[in-house]
Amino acid sequence: RKDRTSLYSEHATTPWLAQLGDAGTVFEDALSVSSWTRASAIGVLTATQPFALNMGEPARKQSDRVLPEPATTLAEHLAAAGWATFGSTANPNLNQAYGMAQGMDHYRDSFPRAFKQNRQTGKRVVAEALGLLDARTAEEQARPFYLQLMLIDAHHPRRPNPADVERFEGPLATYDASLLQLDRALLELDTGLVERGYSPENTLFVFVADHGEGLDHPAHHGDGHGKKMYPTSVGIPWVLRGPGVPEGARVQGLASGVDVTPTVLGLLGLKDPESSDGHDLSAWVRGERSGPTDRERAFSGSMFHVADVA
């Protein structure tokens, strides 16, 4: 949830993310394309609205719809450009069974599938992901790499360290402590990359959330996500750091989850897909354009568990 992070508030929940923002560029007003994971992740990874791919409606209980092959993921764009691609998810909504590993050379699913049994912490996912890099073949090591991680520490069921919960006050203390746990995992990822020679001078680091949480704060926003469309559930943090990305910059104006893939491709000097629903905002990230973005509107909708909101 964007307004609980240190990037956008005084909460001491994500100190490393705040440092990432200081060393890079932050989007001030980014919105997810949906308030549940698979739909919103499809927007981020394909630059296409999930409804356009028949992936917006999850069915009453559990959707088994698979991302159609004509959809092109960010991993596929990079693989076509010669990159080695690696992915790992702690969220079962991004498992390979749903087509979410399209374009990946190596990919690790979430297991077990059920959220109630989920024990995959960000720390574990990061360690496994760095292991994927270490296990690259000589041919893969000669190519640039794309590493995609989906962390789930802030998702229910939340099990942060009780000592961390005590650091925070109020009804959202457990959630805030979960964000701190996520933040530490991101720090370990960055540290591990730097130790392997992948520094801010040669590596683009992108952090974006799939959606937020209602947390009953305020009460009418509900306790979770998926069925409501308030700023707490669709406002998302988005921050980038790396070559050509100014330090301490803030991009004003509207942005959408579907803008992530074309913006990343733009920063890497690759072509924005013509079929994209997104905008390439790399010129604003690099500081080549000033003022608000050129996006005048953004759509976000959900039919999660027979909800119908937009």
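Trainee: Where does D190 sit?
Mentor: D190 is in helix α7. Keep in mind that we're looking at a predicted model.

Trainee: And is D190 buried or exposed?
Mentor: Buried. The relative accessibility of D190 is 10%, and the cut-off for buried is under 20%, so D190 makes the list.

Trainee: Which residues does D190 touch?
Mentor: Leaving out residues up to four places away in sequence, D190 touches W16, F205 and R241.

Trainee: W16, okay. Which residues of α1 and α7 meet?
Mentor: From α1 you have P15, W16 and L17. On the α7 side they meet L180, D183, L186, L187 and D190.

Trainee: What's the mix of residue classes in that contact of α1 with α7?
Mentor: There are 6 nonpolar and 2 charged residues, and no polar ones.

Trainee: How do the axes of those two helices cross?
Mentor: Helix α1 covers residues 15-22 and helix α7 covers 173-195. Their axes come within 7 Å and cross at roughly 55°. That angle makes α1 oblique to α7.

Trainee: Switching topic. What's the strand order in the open sheet?
Mentor: The order is β3-β2-β4, so to speak a sheet of 3 strands with parallel pairing.

Trainee: Which strands stand at the edges?
Mentor: β3 (106-108) and β4 (145-150). Each has a single partner strand, so one side of each is left without a neighbour in the sheet.

Trainee: How much are neighbouring strands turned against each other?
Mentor: By 5° on average, with direction ignored.

Trainee: How many bridges join β2 to β3?
Mentor: There are 3 bridges between β2 (residues 84-89) and β3, and the two strands run parallel. G87 has Y107 as its bridge partner in β3, and S88 is partnered with R108 there.

Trainee: And how many bridges does β2 have with β4?
Mentor: β2 and β4 pair over 6 bridges, in the parallel sense. One of the partnerships is A84 with F145 in β4.

Trainee: How many residues of β2 are buried?
Mentor: 6 of its 6 residues, so β2 is mostly covered in the sense of under 20% relative accessible area.

Trainee: Which residues of β2 lie on which side?
Mentor: A84, F86 and S88 are on one side, with T85, G87 and T89 on the other. Both faces are covered, as these residues are all buried. As background, side chains in a regular strand alternate between the two faces of the sheet.

Methods. Residues are numbered from 1 along each chain as its sequence is written. This is a predicted model: local features need pLDDT of at least 70, side-chain atom pairs count only at pLDDT 80 or more; totals for chains, interfaces and linings use all residues. Side-chain values use heavy atoms; hydrogens and water are left out. Two strands pair if DSSP finds at least two bridges between them. Helices (H or I, at least four residues) and strands (E, at least two) are DSSP runs, numbered from the N terminus. Axes are lines fitted to C-alpha atoms, for helices over the stretch in contact, and angles run from 0 to 180 degrees between N-to-C directions. Angles under 35 degrees count as roughly parallel, over 145 as roughly antiparallel, 65 to 115 as roughly perpendicular and the rest as oblique. Contact means heavy atoms within 4.5 Å. Ala, Val, Leu, Ile, Met, Phe, Trp, Tyr, Cys and Pro count as nonpolar, Asp, Glu, Lys and Arg as charged, and the others, Gly among them, as polar. Buried means under 20% relative accessible area, exposed over 50%, partly exposed in between (1.4 Å probe, protein chains only).
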